Amino acid sequence: MAESKTGAVKFAADRMLGRLAKWLRIIGQDVAYGNHLAGYGLIRAARQEGRLILTRDRGIRKKSPPDYLFIESTLFREQLKQVIDACGLDPLANAFTRCVECNHPLEAVPKDSVESRVPSYVFSTQESFSICRCCQRLYWPATHLEKMLEELKGLLDRPRGN
Ligand SMILES: [Zn+2]
């Protein structure tokens, strides 16, 4: 984990880690994820793009992989905490800056430009909107996600024992 403190680490998540991949994208991390990313497909993609592999495949070390992080838990909050700790990530610094579906960085758009594309209650209660130019999906800071981030922050602030 030599380059772990730079904050520039990119990930390739094993296809069994979909929920973790999604949450890493929510906190702004660059995560390759898809059905092709398992076994040697995962290793090949990680090597080509210089990504750190996230996997629960205990057999991976036999496949001479590049750098990888073995994910200990089956619970996504624990998985997320493990990655954040291991890589020195700040989970709140870049939250909501990346498309959860396609991993593309989001671009802020003026509120006026989205009126016809979002439900009226969203338009009247939200001030900031951003768009993924890849899939055209619109994002705004939904309340339940903010609550999740608060919960995550609490988890991280807790003393880690020993
Ligand atoms: Zn997208």
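Cysteine 135 is partly exposed, with a relative accessible area of 32%. This residue is one of the protein donors of a zinc ion in what is a predicted model. The protein chain holds five helices and seven strands, and its strands include an open sheet of four with parallel pairing and an open sheet of three with antiparallel pairing.

**Zinc site**

- The zinc ion is bound through the SG atoms of Cys99, Cys102, Cys132 and Cys135, at 2.1 to 2.3 Å.
- The angles among the four donor atoms run from 101 to 122 degrees, and the site is tetrahedral; because the criterion for four donors is that all angles lie between 85 and 135 degrees, this range of 101 to 122 degrees meets it.
- Along the chain, the donors are spaced as C-x2-C-x29-C-x2-C.
- Cysteine 102 and cysteine 135 link distant parts of the chain, being 33 residues apart. Cysteine 102 lies in the loop between H3 and strand E5 (107–109), and cysteine 135 in the loop between strand E6 (129–131) and strand E7 (138–139).
- Cysteine 102, like cysteine 135, is classed as partly exposed: its relative accessible area is 28%, and that of cysteine 135 is 32%. Both are partly exposed because this class lies between the 20% limit for buried and the 50% limit for exposed.

**Parallel sheet**

- The strand order in the open sheet of four is E2-E1-E3-E4. Strand E2 (31–32) and strand E4 (68–70) are at the edges, each having a single partner strand, so one side of each has no neighbour in the sheet.
- Strand E1 (residues 11–13) runs parallel to strand E3 (residues 52–55), and three bridges join them. Phenylalanine 11 has leucine 52 in E3 as its bridge partner.
- E3 also pairs with E4 in the parallel sense, over three bridges. Here threonine 55 has phenylalanine 70 in E4 as its bridge partner.
- In a regular strand, side chains alternate between the two faces of the sheet. In E3, Leu52 and Leu54 point one way while Ile53 and Thr55 point the other way, and all are buried.

**Helix H3**

- Helix H3 (residues 76–87) has twelve residues and should span 16 Å at 1.5 Å a residue; its end C-alpha atoms are 16 Å apart, so the two values agree.
- The buried residues of H3 are Phe76, Gln79, Leu80, Lys81, Gln82, Val83, Ile84 and Cys87.
- Just after H3, glycine 88 adopts a positive phi of about 60 degrees.
- The sheet that contains E3 and E4, joined over three bridges, is the one on which H3 packs, touching E1, E3 and E4; the direction of H3 makes about 135 degrees with that of E4.

**Antiparallel sheet**

- The open sheet of three strands has the order E5-E6-E7, with E5 and E7 as edge strands that each pair on one side only.
- E5 and E6 run antiparallel and are joined by three bridges. Within E6, phenylalanine 129 stands opposite valine 109.

**Chain overall**

- Read along the sequence, the secondary structure follows the pattern β-α-β-α-β-β-α-β-α-β-β-α.
- The C-alpha trace spans about 55 × 40 × 25 Å along its principal axes.
- Of the 162 residues in the protein chain, 45% are buried.
- Among contacts with a separation of 6 or more, 52% are between residues 24 or more positions apart.

Key: Residues are numbered from 1 along each chain as its sequence is written. This is a predicted model: local features need pLDDT of at least 70, side-chain atom pairs count only at pLDDT 80 or more; totals for chains, interfaces and linings use all residues. Side-chain values use heavy atoms; hydrogens and water are left out. Helices (H or I, at least four residues) and strands (E, at least two) are DSSP runs, numbered from the N terminus. The expected span of a helix is 1.5 Å times one less than its number of residues. Buried means under 20% relative accessible area, exposed over 50%, partly exposed in between (1.4 Å probe, protein chains only). Donors are N, O and S atoms within 2.8 Å of the metal (3.2 Å for Na, K and Ca); water is not among the atoms, so sites may look incomplete. Four donors count as tetrahedral if all angles lie between 85 and 135 degrees; four count as square planar and six as octahedral if opposite donors are over 155 degrees apart and all others between 65 and 115; anything else is irregular. Two strands pair if DSSP finds at least two bridges between them. Contact means heavy atoms within 4.5 Å. Axes are lines fitted to C-alpha atoms, for helices over the stretch in contact, and angles run from 0 to 180 degrees between N-to-C directions.
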